[in-house]
Amino acid sequence: MEIVNAPVDEAVLRPLDAYVRGHSTGDPLHFRDAFLPSAHIEGIRDGAFVSWPLDDYCALFNGSPAPDEKDRVRRLEVVEVHGTVATATMTLIHGPDTFTDVFLLVLVDGAWKIANKVYHRHAQAAAA
């Protein structure tokens, strides 16, 4: 995972690394390491707003990497830490789609966790 902005404490990056491992392996246990149990993942899917609790989000992954995993790109764009909270923005290129993920992280009991994630899907325009 490439980080574009200035370096931050590695502890803040741990849940983001676990999130990337979840996507790259398809193993939902990595998401459980990354997120607080109360986290929600929200965005627009198929034209409708979705708000998945962590259990529902994890159920979307079958434990196997996506067939095109070797071609996927994930880039951490910005991480900003403000005491016990942080924000991070990540770009994910999955085939014809590019996703912008925005994370809210919180320092809980000495460990950083993702409290919530929202995403925007930039779908490739269909050819005319």
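## Starting at the end of a helix

Right after helix α1 comes G26, a residue with a positive phi, near 80 degrees. Keep in mind as you look around that this is a predicted model.

Helix α1 itself covers residues 10-25. How far apart should its ends be? With 16 residues at 1.5 Å a residue, the expected span is 22 Å, and the end C-alpha atoms are indeed 22 Å apart, so the two figures agree. At the other end from G26, where α1 starts, a side-chain oxygen of D9 comes to within 2.9 Å of the backbone nitrogen of A11. A11 is also one of the buried residues of α1. The rest of that buried set is V12, L13, P15, L16, A18, Y19, V20, G22 and H23.

## Strands side by side

Now have a look at strand β7, which takes in residues 111-122. Which strands does β7 pair with? One is β2 (residues 35-45), which runs parallel to β7 and is joined to it over 4 bridges. If you want a spot to zoom in on, F35 has I114 in β7 as its bridge partner.

Another is β6, made up of residues 97-108, and here the pairing is antiparallel, over 11 bridges. V102 is found opposite V118 of β7. β6 and β7 make a hairpin, with 2 residues between them. One to check in that turn is D109, whose phi is positive, about 50 degrees.

## A crowd of rings

There are 11 aromatic pairs in the count for this model. Take W52 and Y57: their ring centres are 6.0 Å apart and their planes sit at 40 degrees, so this pair is tilted. Y57 also pairs with F61, with 5.3 Å between the ring centres and 65 degrees between the planes, so this one is edge-to-face.

Are these three residues buried or exposed? W52 is buried, at 15% relative accessible area, and Y57 is buried too, at 4%. F61 has 19% relative accessibility and also counts as buried; the cut-off for that label is under 20%.

W52, Y57 and F61 belong to one aromatic cluster, along with Y19, F31, F35, F99, F103 and Y119. Two of those names have come up already: Y19 is among the buried residues of α1, and F35 is the bridge partner of I114.

## Charged partners

Side chains of opposite charge can pair when their charged atoms come close. How many salt bridges turn up in the whole structure? The search finds 8.

One of them joins E69 and R74, at 2.9 Å from N to O. E69 is buried, with a relative accessible area of 17%, and R74 counts as buried at 11%. Next along the chain from R74 is R75, which has a salt bridge with E77, where the closest N and O atoms are 2.5 Å apart. R75 is partly exposed, at 25% relative accessible area.

K117 and D101 also meet in a salt bridge, at 3.4 Å from N to O. K117 is in strand β7 and D101 is in strand β6, so this pair ties together parts that are 16 residues apart in sequence. Both K117 and D101 are buried. These are the strands of the hairpin described above, so the link between K117 and D101 goes from β7 to β6.

Notes:
Residues numbered from 1 in each chain as written. Predicted model: local features only at pLDDT ≥ 70, side-chain atom pairs only at ≥ 80, totals over all residues. Heavy atoms only, no water. Phe/Tyr/Trp six-rings, centres within 6.5 Å; stacked < 30°, edge-to-face > 60°. Buried < 20%, exposed > 50% of the residue type's maximum accessible area, 1.4 Å probe, protein only. Pairing = 2+ DSSP bridges. Expected span 1.5 Å × (residues − 1). Polar contact = N/O pair within 3.5 Å; in protein donor to acceptor, adjacent residues only side chain to side chain. Salt bridge = Lys/Arg side-chain N within 4 Å of Asp/Glu carboxyl O.
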